[in-house]
Amino acid sequence: MCQYQTLFYDDKIGYVIRCLHCENFQIGYGNVLINLATPDFYDFVEWIRDCPIDDYGATDPSIKSIIIPTPCDGLKLYLSQRELKELHNMLESADSEWKSQEMLQLFTNRPA
């Protein structure tokens, strides 16, 4: 049975949660839910982190023109520059929270 740890939540943007038992992540953004194993989550965060957000030259930051691959076979995200920035900030916050929880666990010797 899953027991979730919330790493990020904003009712207007989305959420990132992690199961404390199977250690999988779930990302909810827009109308998409992505379930990822820990290595895939880490790779996805790194890919979004390295994505040159400001280099996408849409004249209007709300026009969907950016295709983002995911670790899920056959699933790509179609985003605007604004949405990519939101997703980037959401994943950065979740990743920071996850790393903070992992560090706290080292000091307390209890599961996060």
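Where is the place of aspartate 95? Keep that one in mind, everyone, and thanks for coming. Aspartate 95 sits in helix H2, and I'd like to build up the rest of the picture around that helix. One thing to say at the start: what you have in front of you is a predicted model.

Let me begin with the overall layout. The protein chain contains six strands and two helices. If you walk along the sequence, the order is β-β-β-β-α-β-β-α. Taken along the principal axes, the C-alpha atoms fill a box of roughly 50 × 25 × 25 Å. The chain has 112 residues, and 33% of them count as buried. For those of you who like surfaces, the accessible area is about 7000 Å², and carbon and sulfur atoms account for 52% of that.

On charges, there are 17 negative side chains and 9 positive ones. The centres of those two sets lie 3 Å apart. And for the contact-map people: among contacts with a separation of 6 or more, 41% are between residues 24 or more positions apart.

Now to the sheet. Four strands make an open sheet, ordered E1-E2-E3-E4, with antiparallel pairing. At the edges we find strand E1, residues 4-10, and strand E4, residues 32-36, each of which pairs on one side only. From one strand to the next, the twist averages 10 degrees. As a general reminder, strands of a sheet pair through backbone hydrogen bonds, in either a parallel or an antiparallel way.

Let's zoom in on the E1 and E2 end. Strand E2 covers residues 14-19, and its antiparallel pairing with E1 runs over six bridges. Three residues make up the hairpin connection from E1 to E2. If you'd like to find the register on your screen, look for threonine 6, which stands opposite isoleucine 17 in E2. Aspartate 10 is another marker, standing opposite glycine 14 in E2.

Staying in strand E1, have a look at tyrosine 9. Is tyrosine 9 buried or exposed? Tyrosine 9 counts as exposed, because its relative accessibility is 58%, and the cut-off for exposed is over 50%. Leaving out residues up to four places away in sequence, tyrosine 9 touches Gly14 and Tyr15. There is also a long-range pair to point out: tyrosine 9 and serine 93 are 84 residues apart in sequence, yet their C-alpha atoms are 9.6 Å apart in space.

Moving past E2, we reach the loop between E2 and E3, which is the place of glutamate 23. Its phi is near 65 degrees, a positive value in a residue other than glycine. With a relative accessible area of 39%, glutamate 23 is partly exposed.

Back to helix H2, as promised. Helix H2 takes in residues 81-108 and lies across E1, E2 and strand E3, residues 25-29. It runs at about 145 degrees to E1. Two of its residues are worth selecting in your viewer.

The first is our opening residue, aspartate 95. Why does aspartate 95 count as buried? Its relative accessible area is 3%, and buried means under 20%. So which residues does aspartate 95 touch, not counting those up to four places away in sequence? They are Phe41, Val45 and Arg49.

The second is tryptophan 98, also in helix H2. Tryptophan 98 counts as buried, at 11% relative accessibility. Leaving aside neighbours within four places in sequence, tryptophan 98 is in contact with Leu7, Arg18, Phe25, Thr38 and Phe41. Notice that Phe41 appears in the contact lists of both aspartate 95 and tryptophan 98. Tryptophan 98 and valine 16 are 82 residues apart along the chain, and their C-alpha atoms are separated by 10.0 Å.

Last stop: the other strand pair. Strand E5, residues 64-69, and strand E6, residues 76-80, pair in the antiparallel sense over five bridges. Lysine 64 stands opposite serine 80 in E6. The hairpin here has six residues between the strands, and within it glycine 74 takes a positive phi near 80 degrees.

To pull the threads together: we have an open antiparallel sheet of four strands, a helix H2 that lies across E1, E2 and E3, and a second antiparallel pairing between E5 and E6. Thanks for listening, and I'm happy to take questions.

Methods
Residues numbered from 1 in each chain as written. Predicted model: local features only at pLDDT ≥ 70, side-chain atom pairs only at ≥ 80, totals over all residues. Heavy atoms only, no water. Buried < 20%, exposed > 50% of the residue type's maximum accessible area, 1.4 Å probe, protein only. Contact = heavy atoms within 4.5 Å. Areas by Shrake-Rupley, 256 points an atom, 1.4 Å probe, with all protein chains shown as cover. Lys, Arg positive; Asp, Glu negative; His and termini not counted. Charge placed at Lys NZ, Arg CZ, Asp CG, Glu CD. Pairing = 2+ DSSP bridges. Axes fitted to C-alpha atoms, helices over the stretch in contact; angles between N-to-C directions.
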